[in-house]
Structure formats: structure tokens, C-alpha cells
Amino acid sequence: MTTPATGAHAQAGSHGHEPGHHEVSFFHKYLWSTDHKMIAMQYLFTGTALALIGGYLAYVFRMQLAFPGHDVPGYGLVTPNRYNSLVTMHGSIMIFWVAMPVLVAAFGNFLIPLMIGCDDMVFPRINRLSYQVFLVSAIILLASFFVHGGAFGGAWTSYPPLSAKGVYNLTPIGASLWLVAVALEFVAFLLGGINFIVTTMNGRAPGMRMWDIPVVVWMIVIASVLFMASVGPLIAGAVMLFFDQRLGTAFFDPGRGGDPLLWQHLFWFFGHPEVYVVLLPALGMVAEIMAVFARKKLFGYRTILYTTWATGILSFVVWAHHQFIAGIDPRMANVFTITTLLISVPITEMIFVYIATLYGGSIQFTTPMLWALSFVAEFLIGGVTGIFLGASGADIYFHDTYFVVAHFHYTFFPSAIIGMFAGLTFWYPKMFGRMLNETLGKIHFWGTIIAFNVIFIPLFITGAAGDQRRIYNYALFSEQERPGLQHLRELSTIGVIVLLAFQVFFLFNFFWSLRHGERASENPWLSNTLEWTVPSPPPHGNFAELPTVYRGPYEYATPGRKEDYWPQNAPITPIEEGAL
Amino acid sequence: MSAPARSIANLRSVTGIPTARLVTWWVIASEMFIFGGLLASYVMHRLAHPEWAIAASNTNTKAGAFNTFVLLTSSLFAVLAHKAADAEDGKGAAKYLRLTALGGFLFLIVKGFEWTHEIREGFVLASGGFWSFYYTVAGLHALHVLAGAIIMLIFAVDAAKNVNLPRVQCIGLYWHFVDIIWIFLFPLLYIAK
Amino acid sequence: MTSHAVSEGGSDAASADHVHHGNYVKVWAVLVVLLIISVVGAFTGIRWLTLLLAFGIAVIKAYMVAKNFMHVNVERRWVGYLLITCLLFLAILFAGVAPDIMKHQGLHWDNYAAKQAIQAGSQENGKHE
């Protein structure tokens with residue numbers, strides 16, 4: 001899990017342009033590198049490996065829900081305690097150890113220095129340290145599966161007193177290991193995020209003004225700012241919870257002067273901006289892909305920027321919509337309903353901007369474009385169903401039902417998974433120097449998308465009918481049983497199996513193309529941004545000659561030009577200057 | 001490549017602020033949220049629990065005041081180190097950095113005596129709401145003082161050779177931030193009892 | 001933001017890169033005097049005066065350290081804005097959480113455990129006085 005596939009960089013480009021450069025050992029090149037591209041690969045492979053684990057966990061608990069009480073093939077019997085651990089770890093892994101490392105760390109690391117025209121991050125060694133801390137956090141988390149009691153079973157939201165007292169959660173060691181792993185993951189992303197912010201602010205190529213920075217870079221930087229601001233209070237809360245677990249304090253114990261609601265507030269003050277941290281990079285990647293495969297200038301670049309800042313700021317004042325029925329003051333619930341409904345406006349506006357980008361374009365239905373289009377369609381469903389949940393009145397009924405689960409999978413899956421595939425299929429040629437197979441890519445795409453909807457549309461229905469979350473066997477609670485819905489629960493489970501099965505197409509495509517894919521040119525997609533001006537894959541140091549930037553990243557189909565694209569670093573010739 | 005030369009990105013400065021100082025400001029911003037979250041939680045509880053005044057009356061105001069004086073003085077040394085660094089006086093900067101670190105260690109020693117006395121009296125982390133917050137927030141602050149002092153000593157080694165002088169201002173900024181946190185901790189834990 | 005090919009920083013006279021180093025010892029002396037006043041205030045026994053001096057002086061001291069030692073006033077403007085924005089968001093955190101944590105009752109809810117703790121505590125207080 002620590003090293004990328006050894007074949008990945010077998011065809012790395014020339015290393016010889018650096019003065020005094022020498023061949024490095026395997027250890028230095030793959031395990032101890034400070035090169036942002038290698039660190040990106042480390043995050044990518046760790047994240048995707050954990051995605052497979054997270055997907056397996058989902059398979060297990062969905063099998064339990066579809067066929068309760070039966071041994072799950074490939075796992076065994078799901079006891080109540082094990083069920084709690086499965087859902088807790090599925091959620092935690094997917095958010096903290098898949099979505100964030102892949103979308104923010106892997107793509108941020110790979111793209112930012114290349115897209116802004118410099119050779120690496122401003123602090124390459126801190127970059128390396130951030131991955132190492134992240135790896136330790138992943139190892140601790142996985143180790144928790146094997147301790148006495150098993151992995152933490154108090155839900156990824158970890159509310160005390162369930163999470164504070166081992167007598168309640170039955171996983172006391174797992175609970176503390178989980179906290180330590182999460183805290184380390186936070187440290188890793190603070191280190192990495194600040195590196196991204198400062199690199200983008202200070203390391204840009206000459207001529208690259210704020211308005212010439214590609215949208216995906218902006219998005220990852222803004223996501224890093226949101227993360228940095230929101231995680232602070234939760235780090236404080238995590239320390240408090242750890243002390244409650246281990247040292248007998250009572251920060252969250254109402255019987256001894258504490259308040260469990262404080263944890264909830266601290267958690268969600270982070271938790272809500274966190275979902276935007278995951279959303280923004282995906283939105284950015286979709287923007288890049290749409291401009292390239294519609295051969296059209298991105299509609300409203302500055303609008304996108306201002307909207308994103310507005311969304312980011314608003315995301316800090318909506319958090320208690322996760323706590324509407326937790327016992328918060330109902331008057332505060334009114335406030336948070338209003339802000340939550342408000343935040344749907346800027347996101348909707350961005351969807352309109354993307355659609356406007358497509359309108360009148362020459363659309364090429366490549367695999368990355370299919371992913372980008374499906375992102376918009378699926379996220380739309382997620383956003384719209386969020387309105388129901390943001391209204392506190394409706395939420396009283398929907399909270400803790402599968403309606404919520406379906407809603408957040410229609411937002412998280414597009415962000416984390418569709419975003420990941422969109423980014424990977426688009427930048428694979430640049431990362432690995434080969435082209436992916438389009439046919440396999442399309443089969444993978446359709447299988448994944450259809451299966452995804454088969455999983456979650458039934459859950460909207462069962463949730464609206466009243467199916468509660470985090471119940472391991474409805475048959476034990478007569479008012480929960482609703483046998484009429486069992487076929488929907490089974491359908492959802494079949495969807496999971498089909499979804500996981502189709503990933504074989506992607507994995508095969510990925511590894512087969514590393515060796516046998518068509519060799520990629522510098523710029524197979526005819527894109528404008530700077531990463532497409534260097535060899536595929538880029539050599540250490542990225543640019544043989546550091547570029548100067550003359551224009552924004554979305555000059556596609558500029559009238560009067562022969563080609564329909566105009567790289568950012570192409571100097572303006574006197575003739576062109578006259579023509580324009 | 002165990003200690004690569006600076007990346008070219010590191011040498012650029014599109015914003016006009018040197019990268020090291022820029023990153024220091026962002027680190028300070030992130031720390032504001034960590035301490036802010038903890039302090040906000042404490043203030044909410046303290047305002048709501050007037051009966052914590054009994055426990056709080058046991059904190060040693062004189063020790064707290066002396067420690068405040070120590071940190072203020074060490075901040076003076078930190079900024080004098082910056083002044084020396086700006087004048088390319090590496091040895092002077094190193095001297096002031098070491099004095100600042102000494103102040104930090106003195107702070108920690110006084111805190112050590114304070115806590116030893118309080119623990120002997122039976123007031124430990126789990127002794128109640130006030131004490132839980134007291135040890136947690138002061139402990140987190142003390143960790144930052146320790147880290148800062150150690151980093152200062154490390155930077156002083158280079159500074160004495162007139163190398164990496166811009167770092168002196170940066171660690172100074174961090175130190176002043178830690179001082180400002182204590183400027184608020186002192187009234188919160190020792191005066192507003 | 002201006003764009004420099006490879007530069008080490010701005011060269012404005014009043015920039016944080018080349019600060020004018022004032023009399024730091026004087027600033028320190030003022031800070032120490034303020035500290036003494038705030039400590040004396042703690043022993044006056046007049047509660048409102050104690051609190052006003054303690055926190056008012058804390059704010060002034062923090063401002064003086066930020067301005068004179070950290071040179072925030074000659075730093076790029078947006079740095080100051082960034083710091084103030086951080087404080088603003090912390091205020092938002094406080095405003096959103098305090099109604100549930102700081103208060104012990106509201107519309108349709110009561111925090112019995114906290115109220116009991118205060119009762120028990122004030123009885124003890126009574127005993128001490």
C-alpha cells in the first residue's frame with residue numbers, strides 16, 4: 001500500500017536536465033521522494049486501496065440488510081457490534097481516507113505546480129512529511145480492526161456519550177485508535193493544505209494573474225482554506241473526547257457538568273465545510289473537462305470564483321442543520337434552515353454556469369466528458385433532495401432515515417467517486433504517459449453509473465417510508481420491519497455487488513494501459529493549461545524552461561485563430577496581435 | 001535526494017511576501033482556530049457555571065502574573081532578534097533567539113511548579129469541569145511554548161553563521177502569537193475567577 | 001497582486017520586509033505597566049473593575065504586540081483582513097453554539113444536570129462564605 005505500482009513510473013521521462021543530477025535509488029525515488037508528482041501517486045494509490053476496503057465494508061453490511069442473519073460470503077456473520085463497526089468505518093474511510101487524499105491531496109499535489117508553471121511545491125519536504133503522517137494515520141485506522149473489540153463502532157460522527165464510554169460502544173480501544181487516526185489525518189491535511197495555498201499564492205509563473213489560474217487550482221486552494229479554518233475547533237474537540245475516553249474527564253458528560261451537544265457543534269462546524277472541501281475539487285475538475293471537451297471558453301470564470309467564495313463563507317453558517325432534532329434551541333433551528341436553503345443558490349448557479357459552458361459547444365463524448373456530465377446530473381439529485389433536509393420541519397421526519405443516506409450519497413459519490421474517475425481518466429495520459437482504453441472506460445462508466453442509481457434510488461423510497469439508519473436487523477423491531485420494502489433493500493444490495501464488479505473494468509484498464517496503452521503525446525486533448533505543455537509523464541522539475549503566461553486558461557475557439565485552442569504560455573505573435 | 005535544494009517555487013514571491021513569512025501567517029491563522037475553538041468552549045462553560053469559581057480560586061495568580069511577565073519579556077527578545085537579523089548581525093540574532101528560548105523554558109519551569117502544587121492539593125485533570133479545561137488549554141499552550149523554544153534554538157544555530165536570517169522574523173511571529181494566546185489565558189484562568 | 005518573475009519581496013519603504021525598528025524596550029515597558037495594573041485590579045475586590053481591567057488590558061496588550069512586535073500594520077493589508085476574518089468566524093462559532101451550551105434552558109428544553117450542578121455548587125459557596 002505504501003508504494004505505487006512499480007510499473008507506474010517505469011517510463012518516467014528524462015531526469016537529466018537538473019545540473020549535478022544523479023540516478024536515485026528505488027527508496028529515494030518511490031518511498032522518500034519530495035517530488036510532488038510522486039507524493040501525488042502515493043496519496044492516489046493509498047486512497048484507492050482504501051476505497052476498495054470501504055467498498056467491501058459496504059458490501060458486507062448491505063448483505064446483512066438484504067439477508068439479515070445469514071452469513072455474508074467473504075465475511076461471516078454480522079453481529080450487532082460488528083454492524084456498527086462496519087458502518088462507522090465505511091463512512092470514516094470513505095470521507096477521510098478516500099475522498100480527501102484522492103481529490104485534494106493526490107490531484108492537488110499533481111496538478112498545482114504543473115498548472116501554475118513551477119517545479120514543485122514551496123515546501124517539498126513538508127509535503128513528504130504530510131504523506132508520511134497520513135500513511136501512519138491509515139495504518140493506525142486499519143490496525144484498529146484487529147484490536148480487542150474491533151474497529152470503532154460509534155458512527156463516523158462519534159457522538160458522546162456513545163463514543164466516550166466503552167461500555168456503550170463496546171469498542172473502547174478502537175474508539176481511541178479512531179480518534180488518534182483522525183487527528184493525525186487532520187495534521188497531514190493541514191500541512192499539505194497550507195503548502196498548496198502558499199504555493200499557489202507565491203509560486204505562479206510570471207504573467208499568471210489571479211484570473212489566469214485554472215479553476216481546479218482555485219477550487220483545491222479554497223477547499224484547503226475551508227479545511228484549515230473548520231478543523232481547528234474539532235481538533236480541540238477531539239482532544240477533549242480523547243481525554244473523556246482515557247483520562248476520566250467529563251467535557252461531554254452531562255452527569256458531571258459537561259455537555260454532549262458541544263461535541264456535536266464542534267464536529268459539525270467542521271463537518272459541514274468538510275463536505276464542500278470534498279465537493280470543490282470535483283467541481284473544479286468538471287470545469288476543466290467541460291471546457292476542453294466542449295471546445296469552448298468556460299462561461300463566467302469570475303462568476304465561478306465569486307460564487308465559490310460565497311459558498312465557502314456560507315458553508316460556515318449552516319452546520320446545525322445536522323442537529324435539528326438533537327435538542328438544539330428551535331429558534332437556532334430557524335436560523336440554520338434559512339442559511340441552509342440559501343446555500344443551495346450559489347451551487348445551483350454553478351450548475352447553470354456549467355450548462356451554459358456546454359451550450360453551443362462542440363461536445364466530444366470522451367470518457368472524461370461522460371463522467372463530468374454525469375457529475376452534474378447526479379449532483380443535481382443530491383442537491384435537490386438536500387432542500388427537503390435543510391428545512392427543519394421536513395427534517396424532523398427525514399433525519400436518521402435512509403433518505404439522508406441517499407441524499408448524501410448523491411452528493412458524496414459524484415464528488416468523491418465520479419470526480420475521481422473524471423480526473424483520473426482525464427489526467428491519466430499526463431500522469432502515466434499512456435492513453436486509457438476508451439471502450440473499457442465507457443463500459444466501466446455505464447456500469448458504475450447505472451449501478452450507483454440502482455443502489456440509492458430505492459433508499460430514497462425506503463427512507464421516506466421510515467427506514468431508520470444504523471439498524472442492523474429490522475426484523476427485530478416490529479414497527480421497523482416493513483416487510484413490503486425488503487425487495488427494495490435487496491435491490492439496493494444487488495446494486496452494490498454490480499457496482500463493485502464493474503470496478504474490475506477500471507482496474508484492468510488502469511494497469512493494462514500502463515504497459516500496453518497507446519503512448520500519450522504531450523497534449524492529447526488539445527488543452528490550454530500548462531501541464532499539457534510538458535512531456536507525459538513530466539520529468540523531475542517539470543519544465544525544461546519555466547513558462548511565462550500570456551492569457552487565461554480557457555481561450556478555446558477564439559475567433560480569428562486557426563486552432564481552436566490557445567495554450568496559456570504561447571507567446572503572442574505580432575500577426576495575432578494585429579488580428580485581435 | 002535527502003536534502004534537496006530549494007524548489008524554484010520556494011524562491012518566487014508573486015504576492016510580494018517572502019514564502020516563509022507567508023506560510024507563518026497561514027500557520028498562525030490555523031492555530032487561531034484550534035485555540036479559538038478550545039477557548040470558546042471554555043468561556044461558554046465558565047459563564048454558565050458560576051460555581052466553578054470555587055475551583056478557579058485555587059489558581060496561583062502571582063505565578064500566572066510572573067509567567068505573563070516572562071513571556072512579554074521573551075517577546076521583546078524575539079523582536080530584538082528580528083532587528084539584529086535585519087541588520088545582518090547573525091550572532092546578535094542568535095543571542096536574542098537563545099534568550100527568548102530561555103524565557104520559554106523559564107515559563108515551563110514555573111508552570112511545572114504550579115501544576116505540581118495543584119496536583120498535590122488534589123486538583124487533577126479529571127477533578128471537575130474547571131480543572132479539565134484548565135489543564136487542557138494551558139497544556140496545549142505549554143506544548144506550543146516548548147515547540148517554539150526548541151525551534152528557536154535550532155534556528156539560532158544557523159543564524160549565528162549568518163545563514164537563513166529571514167527565518168528569525170518568522171519564528172518571532174509564531175512566538176508573539178503564542179504570547180498573545182497567553183495574554184488572554186492569564187485573565188481567563190487567573191483573574192476572572 | 002503584482003507579479004514578479006523571481007523576487008525576494010517588495011521594496012516599499014513601509015513594508016514588513018524592511019520594517020522600521022522602533023523602540024521596542026519602550027513598548028515592553030508599557031506592556032509591563034499594563035500587566036501590573038491588571039494584576040492590581042484583581043485584588044481590588046470590585047468585580048466589574050477587575051474584569052474590565054483584566055480583559056480590556058488584555059485586548060490592548062494583544063493589539064500592542066500585534067502592531068509593534070509583529071508589525072501587522074506595515075504588513076500587506078490582506079494579512080490583517082485574514083486575521084480579522086478568523087476572529088469573525090470564531091465569533092460565528094460562539095454565536096451558533098452558545099445558545100445550547102451557555103444557556104441552560106430555552107424553548108421547550110431544560111438542562112437539568114447543569115442546573116443541579118449550579119445548585120450544588122452555590123450551596124457549597126454558601127458554606128465557604
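Chain C of this predicted model is built from 4 helices and 2 strands. If you walk along its sequence, the order is α-α-α-β-β-α, with the pair of strands written between the third and fourth helices. Of the 129 residues in chain C, 28% count as buried. Contacts within the chain can be sorted by how far apart the partners lie in sequence: among those with a separation of 6 or more, 38% link residues 24 or more positions apart.

How far can you trust what you see here? The mean pLDDT of chain C is 82, and 83% of its residues reach 70 or more. Please take care with residues 1-13 of chain C, where the pLDDT is below 50. The model does give this stretch 25 contacts beyond near neighbours in sequence. Where pLDDT is low, the predicted coordinates should not be read in detail.

Now let's turn to chain B. Its elements are 7 helices and 0 strands, so the pattern from the N terminus is simply α-α-α-α-α-α-α. The C-alpha atoms of chain B fill a box of roughly 55 × 30 × 30 Å along the principal axes. This chain has 193 residues, and 58% of them count as buried. Among its contacts between residues at least 6 apart in sequence, 81% join residues at least 24 apart.

Confidence in chain B averages a pLDDT of 92, and 97% of the residues score at least 70. Element by element, the lowest mean, 87, belongs to helix 1 (residues 8-11) of chain B, while helix 5 (residues 90-120) of chain B has the highest, at 96.

Helix 4 of chain B invites a quick check of geometry. It covers residues 61-86, which makes 26 residues. At 1.5 Å a residue, a helix of that length should span 38 Å, and the end C-alpha atoms are indeed 38 Å apart, so the two values agree. After this helix comes B:Glu88, which has a positive phi, near 60 degrees.

How do the chains meet? Start with chains C and B: 52 residues of chain C are in contact with 44 residues of chain B. On the chain C side, the elements giving two or more residues are helix 1 (24-42), helix 2 (47-69), helix 3 (77-101) and helix 4 (112-128) of chain C. By class, that side divides into 33 nonpolar, 14 polar and 5 charged residues.

Chain B also meets chain A, where 40 residues of chain A are in contact with 30 residues of chain B. Helix 6 (172-202), helix 7 (215-247) and helix 8 (260-294) of chain A each supply at least two residues to the side that touches chain B. Helix 7 of chain A gives the most, with 11 residues. The classes on this side of chain A are 26 nonpolar, 11 polar and 3 charged residues.

Finally, look inside. The largest nonpolar core holds 282 residues, of which A:Val286 and B:Leu97 touch the most other members. Domain 1 (10-75) and domain 2 (79-129) of chain C each contribute at least three residues to this core. Which residues does A:Val286 contact, leaving aside its neighbours within four places in sequence? They are A:Tyr354, A:Ala372, A:Phe375 and A:Ala422.

For the model as a whole, the scores are ipTM 0.94 and pTM 0.92.

Note on methods:
Residues numbered from 1 in each chain as written. Chains lettered and ligands numbered in written order. Predicted model: local features only at pLDDT ≥ 70, side-chain atom pairs only at ≥ 80, totals over all residues. Contact = placed C-beta atoms within 7 Å. Nonpolar A, V, L, I, M, F, W, Y, C, P; charged D, E, K, R; others polar. Core = buried A, V, L, I, M, F, W, Y, C linked by C-beta atoms within 7 Å. Buried ≥ 20, exposed ≤ 12 C-beta atoms within 10 Å, placed from the backbone. Domains from an automatic or database assignment. pLDDT = per-residue confidence, 0-100. Expected span 1.5 Å × (residues − 1).
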